[in-house]
Amino acid sequence: MNARQLEIFRAIMRSGTLTSAAQLLNVSQPAISKVLRHLEDQLGYKLFERVGGRLHPTAEAQLLFIDADRVFREIETVRDLAIRIGERRIGLLRIGASAPPSFAVLPATLTAFRKRHPGVKVILRTLPAEELAEKILVGDIDLGLTMSSIRVPMVQAELLTTTRVVALMQEDSPLARKTVVTPADLVDQVLISYGSHADVGVPLDAAYERAGLPRTIGIEISLAISALPLVQAGLGVALVDGLLPWTRFPGVTIRPFEPRVLMSLSLVTSGIRPASRFVRDISDDIRAAIAALPGEAAAPAAVPTSRSDRSRARRT
């Protein structure tokens, strides 16, 4: 059974008649009949019985159709991929990003990029790091921005910058009168923050240990932005990344957390597919947008000084 026979068999199964199958495939009915007869001769058994002027699939055809339909859907997936590749050449850029860079970095990035490339369609998806890496691997997105470590073979992660952890609180909180917030300041507060399993969870736990205090989380979050409505509602004080433009949101303010704990922002690309010119182009816009961030929202990433350091930076 070749691909053309498979396509015709599937069309007959789905439409129920030779005429409908011919119309579906835009070929003549005699051509459909000829291919069907040849296929049945090859297989050595009937696929359809004609009853009352209509084709009825045999039990053998029903069994064959299950896998035949699956195989043809896979062929259609490859065909769609080929079309998407063509679309990318004429103007398609797909970005996956977590919430902090989506708020803080991408508005300026896309403003600059679209001034030069107004005809390029940009698809932006908000994704967790695990899903981002998977979609990079299969080619569903072209590049990603994430605050979490990517440790997946064939996925490249370039450290762009670091940002410190901040305390997010209601603007009328007594803590807002402080210059910095320490673990001791948060003892009587409901703590909203990342769990110990998160990338930043280990250094946060270590900061509390150095202060001789346990880091007791009242409300655990996985996304920084999910802390916003909780803090606005007065449910506690959050320790979150400082990259998000928190002061743009009503009713909240931030203070630096001490001891200093840093989070990393990485640019993620495929290690097995050549980057399109749009990826290389927008990467420069991303770096420019990061350089323009105010205050301590982002600090320059440390420059690796040795080959092993550079390799480690790409992996983190």
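Start by selecting M154, which sits in the loop between β5 (143-146) and β6 (155-170); helices here (H or I, at least four residues) and strands (E, at least two) are DSSP runs, numbered from the N terminus. Phi of M154 is near 70°, a positive value in a residue other than glycine. M154 is partly exposed, with a relative accessible area of 49%; the scale calls a residue buried under 20% relative accessible area, exposed over 50%, and partly exposed in between (1.4 Å probe, protein chains only).

A word on what you are looking at: this is a predicted model, in which local features need pLDDT of at least 70 and side-chain atom pairs count only at pLDDT 80 or more, while totals for chains, interfaces and linings use all residues. Residues are numbered from 1 along each chain as its sequence is written, and side-chain values use heavy atoms, with hydrogens and water left out.

**More backbone stops**

Next, pick N26 in the loop between α2 and α3. N26 is another residue other than glycine with a positive phi, near 60°. Buried or exposed, where does N26 fall? With a relative accessible area of 71%, N26 is exposed.

Now go to P259, in the loop between β10 (252-256) and β11 (262-270). Display the peptide bond from E258 to P259: this bond is cis, with omega near 5°.

**Helices around α1**

Color helix α1 (residues 3-15) and helix α2 (residues 18-25), and look at how they pack: the angle is about 125° and the axes are 8 Å apart. Axes are lines fitted to C-alpha atoms, for helices over the stretch in contact, and angles run from 0 to 180 degrees between N-to-C directions. The two helices are therefore oblique to each other; on this scale, angles under 35 degrees count as roughly parallel, over 145 as roughly antiparallel, 65 to 115 as roughly perpendicular and the rest as oblique. To see the interface, show E7, I8, A11, I12 and S15 of α1 as sticks, together with L18, S20, A21, L24 and L25 of α2. Contact means heavy atoms within 4.5 Å.

Keep α1 on screen and add helix α3 (residues 29-43), which packs against α1 at an angle of about 110°, with the axes 10 Å apart. That makes α1 roughly perpendicular to α3. On the α1 side the contact uses Q5, I8, F9 and I12, and on the α3 side I32, V35, L36, H38, L39 and Q42.

**Charged pairs**

The structure holds 14 salt bridges, each a side-chain nitrogen of Lys or Arg within 4 Å of a carboxyl oxygen of Asp or Glu. Select D69 and R73 first: their closest N and O atoms are 3.0 Å apart. Both lie in helix α4, four residues apart, about one turn of the helix. D69 counts as buried at 13% relative accessibility, whereas R73, at 47%, counts as partly exposed. Add R10 to the selection, and you have a network of salt bridges linking R10, D69 and R73.

In the same helix, α4 (residues 59-91), D67 and R70 are three residues apart and separated by about one helical turn. They form a salt bridge too, the closest N and O atoms being 3.7 Å apart. D67 is partly exposed at 44%, and R70 is partly exposed at 41%.

Which residue pairs with R116? The partner is D281, with the closest N and O atoms 3.0 Å apart. This pair links distant parts of the chain, 165 residues apart: R116 belongs to helix α6 (residues 106-116) and D281 to helix α10 (residues 277-291). R116 is partly exposed, with a relative accessible area of 40%.

**Into the core**

Select L93, L186, L239, V240, W246 and F257, the residues with the most contacts inside the largest nonpolar core, which has 55 residues. Such a core is a set of buried Ala, Val, Leu, Ile, Met, Phe, Trp, Tyr and Cys residues joined through side-chain atoms within 4.5 Å. Center on V240: not counting residues up to four places away in sequence, V240 touches R164, V165, V166, L168, Y194, I221, A224, A227 and W246. A second, separate core of 20 residues includes I32, L36, L47 and F48.

**Last stop**

Finish at T126 in strand β4 (residues 121-126). T126 is exposed, with a relative accessible area of 58%. Leaving aside residues up to four places away in sequence, T126 touches A97, S98, A99 and S102. Draw a distance from the C-alpha atom of T126 to that of T269, 143 residues apart along the chain, and the separation is 16 Å.
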